[in-house]
Amino acid sequence: MVYLYTAFASAYKELIYKKRYFFNTLFSMIMFYIIFFLIFNGYSLIANRSQLSPLNLGTSLSGIVVSYYAWTMILSIYTSTAYIVQQNQQFGTLENIMVHSKNLSFLLVSENLVNMLFYFVFSWINIFVFSKISNISLYINFFTVMYIIVIGLISVLGISLVMAGISLIYKQINNFMNIMQFLLLGILFLKDTIISRLFLPFYQANKLLQDSFIKNLTFKNFTIHDHLLLNLNAIIFLTIGLIVFKKCLNKAKIKGTLNFY
Amino acid sequence: MSLSIMEIQNLHKTFGNKRNKTTVLNNVSFNVEQGTIHGLLGNNGAGKTTLIKCIVGLLEPDSGDIYYENVDILKDKDIRTDNISVLLDGGRNLYLYMTVKENIKYFTMLHGITNYQNTDRFKMIVEYLDIYNILNTKVSNLSFGMRQRASLAVALACDFKLIILDEPTTGLDIHYQEELTKLLFKLRKDFNITIIVSSHDMNFISHICDYCTLLDSGNVVKSGSVSEFINIFGNSHYILFYDGELNSENILAIKRDLKHVNINETNKVIEVLWPNEESLTYMMNYLHNQNIFIKEIKKENNLKSSIINLLNNNENMGGVK
């Protein structure tokens with residue numbers, strides 16, 4: 001029961017935070033749109049110069065729109081846990097929430113899940129703006145996208161917990177996180193194999209998102225194989241994330257690096 | 001006779017690697033009695049904050065045990081979360097962007113309590129701590145003293161049985177120190193809460209605490225009641241104002257024959273630690289024979305003098321570092 005209240009508490013705190021810092025959240029969204037505008041136009045320019053056929057260009061552009069959408073969702077979750085940890089360390093409240101919380105990992109995961117839901121609502125604005133900028137029409141299957149996003153982002157949550165664990169020990173890891181975020185974007189464009197679908201974070205989710213947005217496939221149209229890969233990928237990364245975070249937390253308690261700075 | 005609410009046994013904590021290891025707590029053992037205010041005294045670097053962080057689970061000790069009501073809280077961590085709270089130094093226990101009320105709601109929810117702000121206990125705590133006017137104020141807009149009050153409100157709201165305050169007087173002016181003292185007395189009396197307070201302010205500790213543990217370089221020099229501390233060296237800290245001039249031979253003789261002595265030639269003062277009045281007479285005769293005449297004797301009989309003596313004694317006995 002306490003875990004349920006922890007989730008409520010996380011939602012309560014996150015809502016207050018989002019309300020107090022609403023403009024910051026809004027501007028980060030606008031930044032996504034600007035970056036997308038630049039990437040999309042740059043790609044169109046290169047594609048036109050290399051004289052791709054209109055059919056190929058259309059498919060690739062749709063792929064870019066969906067992949068960029070996926071990346072914005074990945075970033076919102078990927079940076080979130082480490083950011084929560086770093087912010088609390090800087091405020092000095094990390095030690096206090098540790099004293100009050102029976103399970104810090106659960107507290108962070110639930111705060112992130114609240115973020116995930118928040119960004120999911122925003123994501124519909126994103127996909128609308130992206131398709132308007134690119135003038136590409138996409139199929140909207142709300143529940144299918146929600147299913148893919150939630151399960152897919154659990155794998156990113158695992159990576160996020162790893163980052164949060166590292167930041168508990170090394171405190172400032174912003175540069176490492178910046179490199180990682182572009183690595184996560186690059187991963188989405190790697191060659192499609194069973195290995196990449198199973199062992200790369202959000203890769204399978206991105207493929208299914210493309211199927212849903214571009215080919216109008218829904219939850220029912222996916223094969224069992226697709227569902228299995230999506231869920232296994234999430235389980236693998238979440239498990240790794242939780243284990244690494246716990247190890248790092250123990251290490252931080254031994255080294256005494258939890259204090260504020 | 002009080003019962004121990006907490007027992008700390010052979011707590012050992014080091015930092016660093018194998019090549020460069022620093023011992024911060026060296027087999028620390030003492031008990032905290034239920035319903036008392038227990039002071040942790042020591043200079044900067046004595047190990048007070050490390051000890052507190054080990055108690056509340058922010059640091060993992062290398063070895064040793066911590067029992068809360070006979071339960072090993074290094075193993076049963078839920079007991080610790082349910083019963084022990086800490087107010088760390090620097091007034092940084094609450095979320096600055098949230099109001100006092102929002103903080104109380106958030107932290108009570110973490111303990112499985114909902115709608116706390118509608119309960120009678122909440123109203124009572126608000127009245128008790130006199131925080132009604134700041135309930136809807138963001139913590140970032142509060143003074144240091146009021147932040148402490150708000151933090152205490154959170155601790156009371158969560159119904160903790162043991163509250164630890166790490167250096168609560170740092171940054172507080174005398175007015176707030178007095179307020180805090182009164183408040184802690186009230187809390188112990190009205191809520192039967194056990195309080196551990198760490199400080200290097202001996203006056204504050206001697207004023208507020210029933211029991212005291214003195215730490216020096218990670219070692220417990222002594223743990224006991226404050227009156228025990230004061231009596232342990234039984235009126236032993238004397239300040240002698242002398243007349244005449246001490247020559248180097250006199251000084252050497254005094255330092256050789258008297259154990260713990262500090263001579264200030266400019267002010268013509270000899271500060272001496274001596275175990276009993278017989279020895280003092282012996283010492284005065286000795287000084288008289290050295291042609292040194294004592295004009296005035298002052299007897300220091302407080303916690304501060306006892307602690308200075310204890311620390312000096314510890315050092316002279318080659319206290320473990």
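## A tour of chains B and A

Start by selecting β6 of chain B in this predicted model. Both faces of β6(B) are covered. B:Ile84 and B:Val86 lie on one side, B:Ser85 and B:Leu87 lie on the other, and all four residues are buried. In a regular strand, side chains alternate between the two faces of the sheet.

Keep β6(B) on screen and add β7(B). The two strands pair in the parallel sense, over 4 bridges. To find a landmark in this pairing, pick B:Leu87, which stands opposite B:Leu165 in β7(B).

**The sheet of chain B**

Now show the whole sheet. It is an open sheet of 6 strands in chain B, in the order β6-β7-β8-β3-β9-β10, and its pairing is mixed. Why is one side of β6 and of β10 in chain B left without a neighbour in the sheet? These two strands stand at the edges and each has a single partner strand, so one side of each has no neighbour there. Look along the sheet to see the twist, which averages 15° from one strand to the next.

Select β3(B), residues 37-41, together with β9(B), residues 211-216. This pair also runs in the parallel sense, again over 4 bridges. Here B:Leu41 stands opposite B:Leu214 in β9(B).

Next add helix α1(B), residues 48-56, which packs on the sheet. Helix α1(B) touches β3, β6, β7, β8 and β9 of chain B. For its orientation, compare α1(B) with β7(B): their directions make about 150°.

**Chain B as a whole**

Zoom out to the full chain. Chain B holds 11 helices and 14 strands. Of its 321 residues, 42% count as buried. Among contacts in chain B with a separation of 6 or more, 71% are between residues 24 or more positions apart.

Colour chain B by domain. The domain assignment gives domain 1 as 4-231 and domain 2 as 235-300. The centres of these two domains of chain B, taken over C-alpha atoms, are separated by 42 Å.

**Where chain B meets chain A**

Display both chains and select the contact between them. How many residues does each chain bring to the contact? Chain A and chain B each bring 27 residues. On the side of chain B that touches chain A, α2 (77-83), β6 (84-87) and α3 (100-110) of chain B each supply at least two residues. The largest share of that side comes from α3(B), with 6 residues. By class, this side of chain B has 14 nonpolar, 8 polar and 5 charged residues.

**Chain A**

Move to chain A. An unreviewed UniProt entry annotates residues 21-46, 66-85, 106-125, 145-170, 182-204 and 224-245 of chain A as "transmembrane region". Select two of these spans in turn.

- Residues 106-125 of chain A are 100% helix and 0% strand, and the end C-alpha atoms lie 29 Å apart.
- Residues 224-245 of chain A are likewise 100% helix and 0% strand, with 31 Å between the end C-alpha atoms.

Finish at A:Phe189, in the loop between α7 (174-187) and α8 (194-199) of chain A. Is A:Phe189 buried or exposed? A:Phe189 is exposed, because 12 other C-beta atoms lie within 10 Å and a residue with 12 or fewer counts as exposed. Then draw a distance from A:Phe189 to A:Ser67: the two are 122 residues apart along the chain, yet their C-alpha atoms are separated by 8.3 Å.

Conventions. Residues numbered from 1 in each chain as written. Chains lettered and ligands numbered in written order. Predicted model: local features only at pLDDT ≥ 70, side-chain atom pairs only at ≥ 80, totals over all residues. Contact = placed C-beta atoms within 7 Å. Nonpolar A, V, L, I, M, F, W, Y, C, P; charged D, E, K, R; others polar. Pairing = 2+ DSSP bridges. Axes fitted to C-alpha atoms, helices over the stretch in contact; angles between N-to-C directions. UniProt positions renumbered as here; feature names shortened; annotations may be inferred. Domains from an automatic or database assignment. Buried ≥ 20, exposed ≤ 12 C-beta atoms within 10 Å, placed from the backbone.
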